[in-house]
Amino acid sequence: MLGFLLSRQRPPEARRINDDVIMRFDHVYEVAPGKMDLFPQQDIPAWDTLRIVASRWDHLAWMHDHWADSVLGVEELESEADDPDLDGIQASGVPSG
Amino acid sequence: MTAPPIAQSDPFLDELRSILGPDGVRADKPARWNRTRVPAPFPVHRWADYAPDVVVLPRTAQEIAGVVRLANRHGIPVVPRAGATGLNDGAVPLRRGIIVDVKRMNQIREIDLVDRTVTVGPGINMLKLNEELRKHGVMFPDDPASYPCSLVGGRIGTSGWSLIGGRYGHTRDLVISFEIVLPTGEIIRVGDGGGRKIRKSSTGYQLKHLFMGHQGTLGIVTEATLELVPRPEVEFAAFFHYPSFQAAYESTGALTKSGLATLAGVVLFDEWKLRYLRRDDEAYIPQAENVRAVVATAMYGTRDEVKPAARRLVRTARESGGTYLGDEVSQGDWAARHDRYATPLHGRLRTTGQVVPMSWHCEDAAINYSALPQVMEEWHAIADRIIDRYGIFDDWGMFFYTNAAHKPWGDYLVEIDIGIWEQKLDDVNWAGWVEAKHDIAAVALKYGGSITACHGATREGDAELAAEEMGGGFEVMKAIKRVLDPNNIMNPGKYELDTAYDPNAPSPFSGRRTGGN
Ligand SMILES: Cc1cc2nc3c(=O)[nH]c(=O)nc-3n(C[C@H](O)[C@H](O)[C@H](O)COP(=O)(O)OP(=O)(O)OC[C@H]3O[C@@H](n4cnc5c(N)ncnc54)[C@H](O)[C@@H]3O)c2cc1C
C-alpha cells in the first residue's frame with residue numbers, strides 16, 4: 001500500500017461550467033474563484049473533498065433507509081413496460097445542462 | 001415584567017440548586033450565551049440584551065414545577081428551550097430570566113404496540129426516537145426539515161408542520177396527549193378528553209390545542225404520548241420541471257387534488273429558486289434554460305398502494321406539462337429535505353456578485369392556492385427593496401408546500417429564503433429587516449392568509465400583526481394568559497401578551513438593558 005503522496009492531494013485543474021461555477025471533480029461544483037475575493041476559498045486536499053462527497057451519498061442513503069424499507073423510482077416503474085398497470089407512462093429522460 | 005438581573009452569587013441560585021441539584025443549574029457565561037438566540041433572525045449586535053440570567057437542566061416534571069413556583073415567588077421570567085431550532089424567537093428570553101433546557105428529559109417511557117402509542121420525555125429528538133421504533137416496525141412520522149435536531153417539546157411548543165403531513169398529519173395530529181406544568185406550577189395532562197391514549201373525544205374543551213403552539217407562554221410540556229404508524233414499505237419521490245411558473249402552478253393544483261391517499265406532500269419551487277440553484281455552488285444543479293420551475297412530490301405506504309398511485313401521479317404531472325427530472329435528482333434532493341441545516345452558509349452581493357458569509361433565514365406564511373402568484377410577486381419585491389437599500393441581504397427564492405393535514409390541497413406553507421450577512425447587522429439595517437418582515441406578514445394578511453404556517457409569530461416585525469390576524473380572538477388569548485399566568489412569568493414579551501397585564505407595557509424590542517455579562 002502506498003503512503004500519503006502530496007502530489008495526489010492536489011485537486012485536478014478546474015473546468016469552467018458558467019460565469020459563476022467551476023468543476024474540479026465530476027459533479028462537484030464550486031464557486032468560481034473570481035467571485036471569492038472578499039472571502040477567499042480554503043485550500044482543500046483532494047482526499048477531503050472526496051470524503052465530503054462520499055459522506056453526502058452515505059447520508060442520503062441512510063436517510064432513505066431511515067424512512068422506508070425501499071425506494072421506488074420512475075425508472076423502475078417505466079422498466080416494467082408490459083405491466084398492465086402502466087397506463088401509458090412514457091419516459092422523458094433527464095434534461096441535460 | 002422586568003425583574004432585576006440575577007447576580008451570579010444570588011441566593012436565588014442556591015434555591016434553584018436545592019430543587020435541581022448542583023449539576024442542574026448553570027450560571028456561567030458560556031451556558032447562558034449559548035442559549036441566547038435561535039436560528040431565527042437575531043440582532044447579533046445586541047446579544048447581551050437577550051442572554052438569560054441562568055440555565056436550568058431539569059430531569060423531572062416535579063423539578064420544573066419547583067422552578068416555576070420559585071420563579072412566581074420572585075417574579076422572574078421562565079423560558080422553555082428544547083432543540084433551539086425555532087425559526088421564530090420563541091426560545092429567546094426577551095426579558096431574560098431562567099432558561100429551562102429540557103434536553104435531559106429524553107427518555108422513551110413506554111412503547112405500546114397494542115394501542116399504537118409511544119410515550120416520551122420532551123427532550124427526545126424524532127430521529128433518535130425512530131431509530132428505536134424501527135425495531136418494532138413502526139414510526140412517529142413528524143418530519144420537519146429540522147428532523148435530526150428539533151425535539152418533541154419544541155414541536156409541541158410551536159405546533160409544528162411536517163414535510164409528510166399531507167399523508168400523516170402535522171404535530172398537532174400526531175401528539176395524542178401530554179403532561180404540562182402550568183405557569184403556576186400545577187402539573188396536568190391534556191388530550192382529547194382525559195384519556196392518555198384516546199385520539200378523539202367530545203368531553204370538555206379541546207385543551208390539547210390550547211396548549212400547543214403557544215411558544216412556551218402557557219407552560220412547559222414534560223411528557224408526551226405520540227402516534228405510531230406502520231413503517232412504510234416504500235418511498236417514492238418524483239421531481240418535475242416546467243417551462244414557466246404558471247405551468248408548474250397549474251400542475252401543482254392538479255397533483256394536490258388527485259385524491260391519492262399515499263401522497264405525503266407536493267412542493268412548488270419558483271423561478272427565483274431555480275435562478276438561485278443555477279447561480280450557486282453548494283446546491284448547484286445544471287439545468288437547461290427551459291427549466292423555469294420545479295414541482296416535487298413524495299409518497300409513502302405499502303408497495304401495493306404506492307406503485308399504482310405513483311403511476312397515476314407521474315401521468316398527472318406529465319399531462320399537466322411536467323417533465324421528469326430523473327431518479328437521481330428526485331431521490332437525492334428528497335432525502336436531503338429532512339435535514340435543511342445543510343443549507344448554504346454564503347450568499348452573493350448584488351452589486352459585485354462576490355461571495356460573503358450569510359446565514360439562512362426564512363419567512364413563512366399560510367396562503368390559499370388562489371393567492372400564491374400574487375404573494376410571490378409582492379414578497380420578492382420586498383426582498384428586492386432591502387437588497388438594494390442595505391447590501392447585506394440576498395433572495396434565495398420561494399417555495400409553496402402543501403399545508404393541510406391528511407389532504408394536500410387548499411392552502412400552502414409559503415416560504416421565502418433570505419440570506420443575511422449577520423456580521424454587518426447594526427441598528428439601522430436591523431430596523432430595515434424588521435420593517436421588511438412586517439411588510440411580508442402584512443401581504444399574507446392582505447390575501448386572507450395567516451402570517452405563519454409553522455414557525456410562530458412572536459418575532460419582532462410580525463408579532464405586532466398577530467392581534468390583527470386573531471381579531472376578537474386576541475382578547476380571548478389575553479384573558480386566558482392572565483388567568484393561567486397571573487404573574488406573567490412564562491416567556492414574557494412574546495406575542496405582545498404583556499399588554500394583557502398592562503395596556504401600556506413597553507415592547508420587549510425597545511428599551512433594552514445594556515451591558516449584560
Ligand atoms: C433547518 C431548519 C428547518 C426547519 N424546518 C421546519 C419544518 O419543516 N417544519 C416546522 O414546523 N419547523 C421547522 N423548523 C423550525 C423548528 O425546527 C421548529 O419550529 C421546531 O418545532 C422547534 O423545535 P425545537 O425543539 O428546536 O424548539 P425550540 O426552538 O427550542 O423551541 C420552540 C418553542 O417551543 C417552546 N418550547 C420548547 N420546549 C417546550 C416545552 N417542553 N414545553 C412548552 N414549550 C416548549 C419554546 O419556548 C419556543 O417558544 C426548521 C428549523 C430549521 C433550523
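Where is Arg96(B) found? Select Arg96(B) to begin: this residue sits in the loop between β3 and β4 of chain B. Keep in mind along the way that you are looking at a predicted model.

**Stop 1: the loop between β3 and β4**

Look at the backbone first. Arg96(B) is not a glycine, yet its phi is positive, about 55 degrees. Arg96(B) counts as buried because its relative accessible area is 5%, under the 20% cut-off. Now select Ala84(B), which lies in the loop between β3 (78-81) and β4 (98-101) of chain B. Ala84(B) is another non-glycine residue with a positive phi, near 60 degrees.

**Stop 2: helix α14 of chain B**

Next, select residues 427-446 of chain B, which form helix α14. If you like a quick geometry check, put a distance between the end C-alpha atoms: they are 28 Å apart, which agrees with the 28 Å that 20 residues should span at 1.5 Å a residue.

Then look at the two ends. Asp426(B) caps the N-terminal end, with a side-chain oxygen 3.0 Å from the backbone nitrogen of Val428(B). After the helix comes Gly448(B), which has a positive phi, near 75 degrees.

Which residues of α14(B) are buried? Among them are Trp430(B), Trp433(B), Val434(B), Lys437(B), Ile440(B), Ala441(B) and Ala444(B). An α-helix has 3.6 residues a turn, so residues three or four places apart point the same way. To see what covers the buried residues of α14(B), show chain B elements including β18 (359-368), α13 (372-390), β19 (393-402), β20 (411-420) and α15 (463-470).

**Stop 3: the largest cavity**

Stay with Trp430(B) and Lys437(B), since both of these also line the largest cavity. Add further lining residues, including Pro41(B), Phe42(B), Tyr50(B), Asp89(B), Arg459(B), Glu460(B) and Phe509(B). The cavity holds about 110 Å³ of space. By class, its lining has eight nonpolar and four charged residues, with no polar ones. How many cavities of 30 Å³ or more are there? The count comes to three.

**Stop 4: Thr402(B) in strand β19**

Now go to Thr402(B), which belongs to strand β19 of chain B. Is Thr402(B) buried or exposed? Thr402(B) is buried, with a relative accessible area of 2%. Its side chain reaches the backbone nitrogen of Val266(B) at 3.1 Å. Leaving aside neighbours within four places in sequence, the contacts of Thr402(B) are with Trp161(B), Thr256(B), Gly265(B), Val266(B), Pro408(B), Asp411(B) and Tyr412(B).

**Stop 5: the second largest pocket**

For this pocket, select Thr158(B), Ser159(B), Met212(B), Gly213(B) and Tyr495(B), the lining residues that lie nearest its centre. The lining has 37 residues, and the pocket holds about 930 Å³ of space. Colour the lining by class and you will find 18 nonpolar, 15 polar and four charged residues. Helices α8 (207-210), α15 and α16 (473-484) of chain B each supply at least two lining residues. Which of the elements gives the most? That is α16(B), with five residues.

**Last stop: chain A**

Finish by switching to chain A, where the secondary structure comes to two helices and four strands. Trace the elements from the N terminus and you will meet them in the order β-β-β-α-β-α. Of the 97 residues in chain A, 31% are buried. If you build a contact map, residues 24 or more positions apart account for 18% of the contacts in chain A with a separation of 6 or more.

Technical notes. Residues numbered from 1 in each chain as written. Chains lettered and ligands numbered in written order. Predicted model: local features only at pLDDT ≥ 70, side-chain atom pairs only at ≥ 80, totals over all residues. Heavy atoms only, no water. Expected span 1.5 Å × (residues − 1). Buried < 20%, exposed > 50% of the residue type's maximum accessible area, 1.4 Å probe, protein only. Contact = heavy atoms within 4.5 Å. Polar contact = N/O pair within 3.5 Å; in protein donor to acceptor, adjacent residues only side chain to side chain. 1 Å grid on protein atoms, 1.4 Å probe; cavity = no way out; pocket = protein on both sides within 12 Å on 5 of 7 lines; lining within 4 Å. Points joined across faces, edges and corners; volume = space filled by probe spheres on them. Nonpolar A, V, L, I, M, F, W, Y, C, P; charged D, E, K, R; others polar.
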